[in-house]
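Let's take a walk through this one together. Keep the viewer open and follow along as we go.

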Amino acid sequence: MAAIILRDFQPDPALSAIAEKRSQDVEKRTPSNLKLYALAWSICSQRVRLAIEEKQLPYDEHTVDFTKAENLDPRYLEMNPRGDVPTISEYDQSLFDT
Ligand SMILES: N[C@@H](CCC(=O)N[C@@H](CS)C(=O)NCC(=O)O)C(=O)O
């Protein structure tokens, strides 16, 4: 049944055009300043990492080492006063879940 549905599926041309334009925009995007401050094992971090990867955005990932209390470093707390991960930042603007 699923195979029949997939075979008969006709993508909406308007939606296909939007998807094509979006992928061109992503290709044209200059390397960004997007940074992800995260921990490898953190599910919260993984959720944001997946979203960035899904959007194919260029980014740098920085590990926040909790064993060295890097999350309590004043420079990190300036970006995320909660002292948790993840935090994303771009061009000196930071974003985290509250
Ligand atoms: N609501 C936040 C929660 C963030 C959060 O709890 N992060 C955890 C890792 S999954 C953390 O940093 N815990 C360390 C701490 O709170 O000291 C989100 O979903 O991003």
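Here is a tour from the overall fold to the ligand site, the core and a few individual residues.

A bit of bookkeeping comes first. This is a predicted model, where local features need pLDDT of at least 70 and side-chain atom pairs count only at pLDDT 80 or more, while totals for chains, interfaces and linings use all residues. Residues are numbered from 1 along each chain as its sequence is written, and side-chain values use heavy atoms, with hydrogens and water left out.

Now the fold. The protein has four helices and four strands, and reading from the N terminus the order is α-α-β-α-β-α-β-β. Both kinds of element are DSSP runs numbered from the N terminus: helices are H or I with at least four residues, strands are E with at least two. Of the 98 residues, 20% count as buried; that label means under 20% relative accessible area, with exposed meaning over 50% and partly exposed in between, using a 1.4 Å probe and protein chains only. The accessible surface of the protein adds up to about 7,700 Å², and 58% of that belongs to carbon and sulfur atoms. These areas come from the Shrake-Rupley method with a 1.4 Å probe, and for residues only the protein chains shown count as cover. As for contacts (heavy atoms within 4.5 Å), among those with a separation of 6 or more, 51% are between residues 24 or more positions apart.

On to the ligand. Which residues surround the ligand? They are Ser42, Cys44, Arg47, Phe66, Asp84, Val85, Pro86 and Asp97, where being near takes a heavy atom within 4 Å. By type, this shell divides into four nonpolar, one polar and three charged residues. The classes work like this: Ala, Val, Leu, Ile, Met, Phe, Trp, Tyr, Cys and Pro are nonpolar, Asp, Glu, Lys and Arg are charged, and the others, Gly among them, are polar.

Some N and O distances are worth a look here. A side-chain N or O atom of Arg47 sits 2.6 Å from an oxygen atom of the ligand. On the nitrogen side, a ligand nitrogen is 2.7 Å from an N or O atom in the side chain of Asp97, and a backbone N or O atom of Val85 is 2.8 Å from a ligand nitrogen. On its own the ligand has 510 Å² of accessible area, and the protein covers 65% of it.

Val85 turns up again in the core. The largest nonpolar core has six residues: Tyr37, Leu39, Val64, Tyr76, Met79 and Val85. A core of this kind is a set of buried Ala, Val, Leu, Ile, Met, Phe, Trp, Tyr and Cys residues joined through side-chain atoms within 4.5 Å. In soluble globular proteins, nonpolar side chains tend to be buried together. Leu39, a core member, touches Ser45, Arg49, Thr63, Val64, Phe66 and Val85, leaving out residues up to four places away in sequence.

Follow the chain past Val85 and check the backbone. The peptide bond from Val85 to Pro86 is cis, with omega near 5°, and Pro86 is found in the loop between H4 and S3. Asn80 is in that loop too, between helix H4 (74–79) and strand S3 (87–90). Is Asn80 buried or exposed? It counts as buried because its relative accessibility is 0%. The side chains of Asn80 and Thr87 share a polar contact of 2.9 Å, meaning a pair of N or O atoms within 3.5 Å; within protein, one must be able to donate a hydrogen and the other to accept it, and residues adjacent in sequence count only if both atoms are side-chain atoms. Beyond four places in sequence, Asn80 is in contact with Pro86, Thr87 and Phe96.

In strand S3 itself, look at Ser89, which is buried because its relative accessibility is 8%. Apart from neighbours within four places, Ser89 is in contact with Asn33, Leu34, Lys35, Tyr37, Met79 and Ser94.

The loop between S3 and strand S4 (93–95) holds Tyr91, and Asp92 is there as well. Neither is a glycine, yet phi is positive in each: near 50° for Tyr91 and about 70° for Asp92. Tyr91 counts as exposed because its relative accessibility is 54%, and Asp92 is exposed at 81%.
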